[in-house]
Amino acid sequence: MKYHGTVNLKVSVAMYAFFIAGMTMQVAAQQLGVSSPQSALVFQPGIMTTLAGSGVSGHTGDGGPAPSAELTNGIRGIAADAAGDVFFVDDTNDTVRVVYEGGATAAQLITAENPSVTSPQVGYIYVLAGGEGSSGTPSNGVLGTNARLKPGAGLAIDAVGDVYFNDTGTNKVWIIYAGGSETTGTNLISLEAGITVPQLGYIYAVAGGSSGLGYAGNGVLATSSGVEFHGINDMKFDAGGDMYIVDQGNCAIREVSVSNGDLTTIVGNGTCAVQANNGPAISTELDQPYGIAVDANGNLYIADKGSVNEIRMVYAGGVAGAALITLENPSITNPTIGYLYAIAGGGQATYPYGGLATSSKLVTATMVALDAAGDIYVAAGTMIDEVNPLTGALTVIAGNSTAGYAGDGGSAVSAEMNGIRCVAVDTAGRVYITDATNLRVREVSQGMVVFPGQAVNTTSAPQTIQLSNNGNSALDFTGGSPTFAGTNVSDFALDTSSPSYTCNLTPLQPATSCTLAIIYTPLSSGTSAATLSYTTDGALSPQQITLMGLVLPATATTLQASSQSVVKGSAVTFTATVTGVANPTGTVTFSNGSSVLGTTTLTAGVATFGYTTTTTGSLSVTATYSGNANTAGSSSNAVSVNVTGGTISSTVLTTSVTTVNQGQSVTLAATVSGNGATPTGSVAFTDGSISLGIVSLNTSAIAMLSTTALPVGPNSVQAFYLGDATYAASSSAARVQVYGSPTITLSASSTIINQGLNETLSATVAGNGIIPTGSITFYVGSTVLGTGTLTSGTTTLSTTTLPGGASNLTATYSGDSNYNVGTSNAVSVTVNIENVAFVHPGGWLSASDVSRIRGAVANQTAPYYSAYLALPSSPGTTFTPSPGPVVTVGAVNNSTYSSLQSDSKNIWLLAVKWVATGNQAYATALCNGIDGWSATLTTIDGTDATLRSGLLGGYLAQSAEICAYANPAWPNKARAQNMIRLFAQIARNFAQSSVPNGNWETFCAAGTMEMAVFLDDRELYNRAVNYLLFGQGNGRVSHYVINSAGQTQESGRDQAHTIDGIGSTAEGGSDRLAPGTGSLWRLRQPSLGGV
């Protein structure tokens, strides 16, 4: 496009609006992909999101979700087509990539460049040209993804979706051909590359001849060998298809004609300098041009980043451009075509701006973009600025001037970005940003209104949001009034009465806007969320505004008065306390009805106010807490204060009874007298600080109140006469004792035990309020078992004297000064009688067992004889033990433990051999082994002492039982019993507090039974049996056997542990069946059959 001539700006506002509305489906077609006039509803502030990039630098993720992909800080040029597909350059990764959003042309390119992708997925990222992290030199007629590149910062899209990028290695502009015929792309490919039938997805050079840096080639074909650029940084197209190139190193803007392919310079002269505006563009030197944009009339916008730091326009004609120039430069009333003018920057105003763009100071303007309405977007460091073409005002639409990464999902103007390189806008008004330092592509779309805090059931001041038409035709609200939806839809409403509310549903012309006013009334605690939707004829309709409301933490205000009644002229102090949050701040206003008495400041959550009464009568005072920015306000209860005359009165209180059981009625009577007329008014009855009620005096000046509400204990009730216009207040007190009826609960530690074992009884006395004291007497039937003193309402009694059989136990409470006597529930306990004397040998073998086994071995009867032959030959009849005094077993075992383990086995084998043969030499060796240990062993310790005491103590006890049977005059039996008792003292608690392992407990219980038989200790024996039958731990047989199939706790572990556990349970059973040890097992459980 050639620039020439001048324009007169004496055009009416109506004509101006007409030009804005008609501005340009052609430019939209070239830069935004719009094929016809299109309106676009945009909300400000919008919502910030991340479109692509995980924040990790790299080159993985292509073919997957864009937010999960890795990008680098080399993301630069960006563009979007009509469908919202977003293309960008990642120069560090040497690629051109696209985030697919459903466009047909983009899909065609993706499948051509990535043959394995037959159906691109929306929201996924794909490579269109280059190889991730692999640079090289491209050549004409190569599939884009087969080429190796060194891409620069520039990226553009033409009307049909061809993608253009610059390559720094070849110093050229390349096209990725997207299909179509007789297009800008096919014409340039034919002119510049000599290819008349280009192939889909292939790349072709369309500008640049020499890879060397320089400034040459004007007036010749753009790809001629003599053409030189010095750092291409951007390229864009005008409505006719001419391509404009930022030749950054030469500080020039150069144009490639779509009609003949020739290259010309239209701005600058090849040298860089800071020169004033308002002169011919061709002779004005630029400082540091970065990006460009072209509007429908061919006006060229340049982001000149250097010392100038302005957005500058080369005026090509049109009322819209002329009007904007005049707005920003009031001295220019008739702009000259082909001249360069400032339209943003150069002033002193800084963030957050708000005035004319040329009165503002831009921050590193690296890119400029346009929407169809002519709004101008500027990439400025950490923000995206916008210039309104109708008002010339500069505002911030994204970023808060702080460098960082924050704000996704929230208002775009509160978000943080860092190292912005480029910006692009699509037909729907969505803004895309290469946020390079954050390694992400960000998007601004939709809209959001956030209410910072509001108390429940109160209404906020209106918040506003701007509705703009960023399209190129009028926007009609085809759906009528907007609709609210979402979780808390009832919390939000339009405030049409607000002066800020200007959206009346009339069509919005391009680049114009209106304002909504929205109010927030939270109906419950927590965060509120809803949406407000508009249906229009614009792109992406319907569109939503996200509404968020934060409910302030609730508070509660309570009010107290220093007195219920004061004489007129006296002062009363009101104290308001605010709770619900830590250290509330603000003020409290005290009011009598609707009249404000005064306001004071909270200190540590408390505000006090002194008021001097002036007239008799009743005050009804409330306190209202103001709240603050972070805390909701609240109002107190009303407090009544009676203001009386000064004549002395007298009050006498009497009660119908002085003692009463809880829940029974007592009548309080207050008689008031005075010197003169009969007193009138009311009497307030209280019990301490608790109000019982207020009763009016009758004609005899008596007030009566009956109540059942007095609590247990001594009660000091009071009658407080509130006074009247003549008489001052007076009071009287009386005492009433209330006795409670307690609940006594009795429980027993076991409901079935063996005789002689300990039973623990627990009694709890529950009252109402005061904790009962006194004592409990425990009974079995009518026989006293013992007494206990209550501590915190509970006492216990342990006894071993319960009679055999089933008995009913009860507990009787003595009562105390506040509670009546009472009796508990009855608890039934069954005591098993075990008085049979032990028969020796006992436990595992009886005398008949010994005779049977020995006879079977002598007669070589199977399987006894074969089992006998399988016994090891050692130990023999000359066995010598290796005892020691201390056995340590656990994480670290000492050598004495190893000796004990080995000797216990050998001693037991000697017992078996004696049983099988009757050879007395075995009995002698057996007893010598036991004697050796009983003379030496003093201590068993270590983490596994309990388990090993049960196991080895049981084996030694079995062996000692045989020794005593074989040698009735065994001289060291008592010493052996002392040793066995050492084992028993350790094993008698059955390891139930050590580990949750049934094997340990069954080993200890079975071993304890065997030791008890040798020791003739019936209590110890019953203790073990009772544990196996009724214990609380995992060794109780009904706990250890887990199902009717006979599986145990160890069944899922391994065979050895499973057999060990079953064996120890069987040992206990065999001990229980031996003569003299007691009756048969009482379990009668099907699971034992499975075992």
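Two strands count as paired if DSSP finds at least two bridges between them. In this predicted model, 4 strands pair in that way to form an open sheet. The model also holds a stretch that UniProt names as a domain, and two helices, α8 and α9, that pack against each other.

**The sheet**
- The strand order is β12-β13-β14-β15, and the pairing is antiparallel.
- β12 (232-237) and β15 (263-267) are the edge strands, each pairing on one side only.
- From one strand to the next, the twist averages 30 degrees.
- Strand β13 covers residues 243-247 and is joined to β12 by 5 bridges, the two running antiparallel.
- Aspartate 247 in β13 stands opposite isoleucine 232.

**The annotated domain**
- The UniProt record, an unreviewed entry, places the feature "domain: Big-1" at residues 556-644.
- Over residues 556-644 the chain is 62% strand and 0% helix.
- The end C-alpha atoms of residues 556-644 are 31 Å apart.

**The helix pair**
- Helix α8 spans residues 895-917 and helix α9 spans residues 920-934; their axes lie 8 Å apart, at an angle of about 155 degrees.
- Angles over 145 degrees count as roughly antiparallel, so α8 is roughly antiparallel to α9.
- The crossing of α8 and α9 is left-handed.
- Residues of α8 in the contact include Leu900, Ile907, Leu910 and Trp914, and those of α9 include Tyr922, Leu926, Ile930 and Trp933.
- The residues of this contact between α8 and α9 divide into 11 nonpolar, 5 polar and 2 charged.
- Asp903 and Lys913 are among the α8 residues that meet α9.

Conventions:
Residues numbered from 1 in each chain as written. Predicted model: local features only at pLDDT ≥ 70, side-chain atom pairs only at ≥ 80, totals over all residues. Heavy atoms only, no water. Axes fitted to C-alpha atoms, helices over the stretch in contact; angles between N-to-C directions. UniProt positions renumbered as here; feature names shortened; annotations may be inferred. Parallel < 35°, antiparallel > 145°, perpendicular 65-115°, else oblique. Left-handed = near helix turned anticlockwise from the far one by under 90°. Contact = heavy atoms within 4.5 Å. Nonpolar A, V, L, I, M, F, W, Y, C, P; charged D, E, K, R; others polar.
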